[in-house]
Amino acid sequence: MISLNGFFIAGAVICALALVVAVIATAIRKHPDDWALIGAAATELFLVVYGISAAIRQIGGNQVQSDPVEFWGYLITALVMPPVAFFWAISEKSRWSNSVLAASAAVTFVMLFRMEQIWQ
């Protein structure tokens with residue numbers, strides 16, 4: 001069981017909103033709209049802030065309880081996903097680009113959950 005901290009809650013909310021917007025966009029649009037793209041950008045911005053915070057926490061003595069390499073591997077992988085989904089969506093203007101944005105938000109949430117487990 002993980003303890004819920006502010007970063008995890010904020011990340012869960014951002015990922016959930018990005019997921020909902022992308023799913024709705026998949027259902028009603030034939031191409032990605034600005035809102036779906038903003039969801040991917042917001043997710044990426046959150047991950048950058050989360051990574052900086054994690055580095056500061058670790059330097060400050062709050063060490064990762066499990067394997068730090070695994071934690072940073074998850075974070076780096078999570079950081080790559082939203083930009084890939086974003087650029088996919090702007091290069092292929094189809095309904096399924098919204099699905100890629102939705103999948104990116106969902107997988108990012110799962111990775112965030114796993115990072116919190118590793119940290120605890």
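Set aside the neighbours within four places in sequence, and Gly 11 is in contact with Phe 46 and Leu 112. This is a predicted model, so keep that in mind as you look around. Gly 11 sits in helix 1, and at 0% relative accessibility it counts as buried. Another pairing to look at is Gly 11 with Tyr 50: they are 39 residues apart in sequence, yet their C-alpha atoms are 8.6 Å apart in space.

Ala 22 is another residue of helix 1. Its relative accessibility is 0%, so Ala 22 counts as buried. Not counting residues up to four places away in sequence, Ala 22 touches Ala 36, Asn 98, Leu 101 and Ala 102. For a view along the chain, try Ala 22 and Asn 62: they are 40 residues apart in sequence, and 35 Å separates their C-alpha atoms.

Now for helix 1 as a whole. It has 23 residues and reaches 33 Å from its first C-alpha to its last, close to the 33 Å expected at 1.5 Å a residue. Which residues of helix 1 are buried? They are Phe 8, Gly 11, Ala 12, Cys 15, Ala 18, Ala 22, Ala 25 and Thr 26. What do these buried residues pack against? Their partners are helix 2 (34–59) and helix 4 (95–119). At the start of helix 1, Asn 5 puts a side-chain oxygen within 3.1 Å of the backbone nitrogen of Phe 7.

Helix 1 also has something to show on the surface. Val 13, which is found in helix 1 (residues 6–28), joins Ile 9 and Leu 17 in a nonpolar surface patch. Together the three have about 270 Å² of accessible area. Val 13 has a relative accessible area of 44%, and because the partly exposed class runs from 20% to 50%, that is where Val 13 falls.

On to the charged pairs. How many salt bridges does the model have? The count comes to two, and here they are:

| Salt bridge | Closest N to O distance |
|---|---|
| Asp 33 and Arg 29 | 3.0 Å |
| Glu 70 and Arg 114 | 3.1 Å |

Start with the pair of Glu 70 and Arg 114, whose side chains meet in a salt bridge. Glu 70 lies in helix 3 (residues 68–91) and Arg 114 in helix 4, so this pair ties together parts that are 44 residues apart in sequence. Glu 70 is partly exposed at 27% relative accessibility, and Arg 114 is partly exposed with a relative accessible area of 27%.

In the other pair, is Asp 33 buried or exposed? At 12% relative accessibility, Asp 33 counts as buried, because the cut-off for that is under 20%. Its partner in the salt bridge is Arg 29, which is partly exposed with a relative accessible area of 34%.

Last stop, a loop. Ser 94 is found between helix 3 and helix 4. Its relative accessibility is 16%, so Ser 94 counts as buried. The side chain of Ser 94 makes a polar contact of 2.8 Å with the side chain of Glu 92. Leaving aside neighbours within four places in sequence, Ser 94 is in contact with Lys 30, His 31 and Pro 32.

Methods: Residues are numbered from 1 along each chain as its sequence is written. This is a predicted model: local features need pLDDT of at least 70, side-chain atom pairs count only at pLDDT 80 or more; totals for chains, interfaces and linings use all residues. Side-chain values use heavy atoms; hydrogens and water are left out. Patches are made of residues with over 30% relative accessible area and no salt bridge: like charges are joined within 9 Å, nonpolar side chains (Val, Leu, Ile, Met, Phe, Trp, Tyr) within 5 Å. Accessible areas come from the Shrake-Rupley method with a 1.4 Å probe; for residues, only the protein chains shown count as cover. A salt bridge is a side-chain nitrogen of Lys or Arg within 4 Å of a carboxyl oxygen of Asp or Glu. Helices (H or I, at least four residues) and strands (E, at least two) are DSSP runs, numbered from the N terminus. Buried means under 20% relative accessible area, exposed over 50%, partly exposed in between (1.4 Å probe, protein chains only). Contact means heavy atoms within 4.5 Å. The expected span of a helix is 1.5 Å times one less than its number of residues. A polar contact is a pair of N or O atoms within 3.5 Å; within protein, one must be able to donate a hydrogen and the other to accept it, and residues adjacent in sequence count only if both atoms are side-chain atoms.
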